[in-house]
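Ready to read a fold strand by strand? Have a look at the sequence and the 3D view, then try the exercises.

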Amino acid sequence: MRDSCDKFGLRLMSTKIRTHTRIDHSLRLVNSLIDNGSQLMSIHGRTWQQNRNGAADWSAVQQLCDVDRVPTFSNGGVRCAADIDRALLATHADGIMSAEPLLVDPHLFRTWALQRRPQHSPTAASTSIDDKNNDNQRCWLQVDNFFFENFLKKIYFFILTLCEV
């Protein structure tokens, strides 16, 4: 993996795995991937055999996230904005990855983020409420741009990986 990163000048190598029916196999895989260059990991809480059936095993994801050697994202079991908080709490993950629910609700993460947006109340400060709201909008736009740019880098790397195969 490191060779591929160096070859294409990429700064980040991420991997996505599914949990194994035996957690010790999953732990061995996680450690091996990290030892071989993975700098970010997405862990799906369902086994390959489960595919899309059944609930995601967030306790298994939590055990793998607790390895705590690289940032980890939990994947699976998130269908709505409220599920994001539940998944983060249950898995100890650094973030959430989602796929199919975004086909139904492309604004899933934005909805979750907006629920956490700080509310400004009128104050005696010298700036107007409109100025504060504009500053708040600019801040969130910068966050959105950061995630969008990282998303594009991941897509680029995925395409390069497919070309190698």
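Three exercises follow, each with a worked solution. This is a predicted model, where local features need pLDDT of at least 70, side-chain atom pairs count only at pLDDT 80 or more, and totals for chains, interfaces and linings use all residues. Residues are numbered from 1 along each chain as its sequence is written, and side-chain values use heavy atoms, with hydrogens and water left out.

**Exercise 1.** Work out the order of the strands in the sheet.

Solution. Strands (E, at least two residues) and helices (H or I, at least four) are DSSP runs numbered from the N terminus. Two strands pair if DSSP finds at least two bridges between them.
- Start with E1 (residues 14–18): 5 parallel bridges link E1 to E2 (residues 40–44), and Lys16 sits opposite Ser42.
- Carry on from E2: 4 bridges join E2 to E3 (residues 72–75), again in parallel, with Ser42 facing Phe73.
- Put it together: the open sheet of 4 strands reads E1-E2-E3-E4, with parallel pairing.

**Exercise 2.** Explain why one side of E1 and of E4 has no neighbour in the sheet.

Solution. E1 and E4 (95–97) stand at the edges with a single partner strand each, so one side of each stays without a neighbour.

**Exercise 3.** Place H2 relative to E1 and E2.

Solution.
- H2 (residues 23–35) joins E1 and E2 in a right-handed β-α-β unit (with the strands pointing away from the viewer, the path from the first strand over the helix to the second runs clockwise).
- H2 lies across both strands, at about 170 degrees to E1 (axes are lines fitted to C-alpha atoms, for helices over the stretch in contact, meaning heavy atoms within 4.5 Å; angles run from 0 to 180 degrees between N-to-C directions).

How values were computed:
Buried < 20%, exposed > 50% of the residue type's maximum accessible area, 1.4 Å probe, protein only.
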